[in-house]
Amino acid sequence: MIYEFINKIDSFCSYENRWKILREEDTEEKFGFYADKRPIESLIKNSIINLDKPPGPTSHEVAYWVKKLFNITKAGHGGTLEPV
């Protein structure tokens with residue numbers, strides 16, 4: 001199941017990887033979620049969001065908006081490359 005997800009990513013990125021699958025996963029969903037089946041709440045709380053910030057608002061402003069939009073207490077930015 002996870003390989004289908006990886007293959008979709010490869011296809012989207014136009015990669016042609018030949019994956020060697022040693023064995024199928026042996027897990028239960030009660031221990032977590034498959035990457036492509038995570039609920040949006042889990043993605044928001046445990047993920048990194050790549051955001052293409054438009055010119056104008058500061059990175060701090062955008063981080064503040066993200067906190068308010070998703071009703072979360074922690075959000076920040078790891079760097080910004082301002083267009084020349």
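**Exercise 1.** Among contacts in the protein chain between residues at least 6 apart in sequence, what percentage join residues at least 24 apart?

*Solution.* First, know what you're looking at: this is a predicted model, where local features need pLDDT of at least 70, side-chain atom pairs count only at pLDDT 80 or more, and totals for chains, interfaces and linings use all residues. Residues are numbered from 1 along each chain as its sequence is written, and side-chain values use heavy atoms, with hydrogens and water left out. Next, take a contact as heavy atoms within 4.5 Å. The share comes out at 28%.

**Exercise 2.** Work out how the chain is built and how spread out it is.

*Solution.* Start with the DSSP runs (helices are H or I, at least four residues; strands are E, at least two; numbering is from the N terminus). You get three helices and zero strands, in the order α-α-α. The radius of gyration (over C-alpha atoms) is 18 Å, well over the 12 Å from the globule rule for 84 residues (2.2 Å times the number of residues to the power 0.38), so the chain is more spread out than a compact globule. Finally, 12% of the 84 residues count as buried (under 20% relative accessible area; exposed is over 50%, partly exposed in between; 1.4 Å probe, protein chains only).

**Exercise 3.** Place Leucine 69: which helix holds it, and is it buried or exposed?

*Solution.* Look along helix 3, residues 59-70, and there's Leucine 69. With a relative accessible area of 66%, Leucine 69 is exposed.
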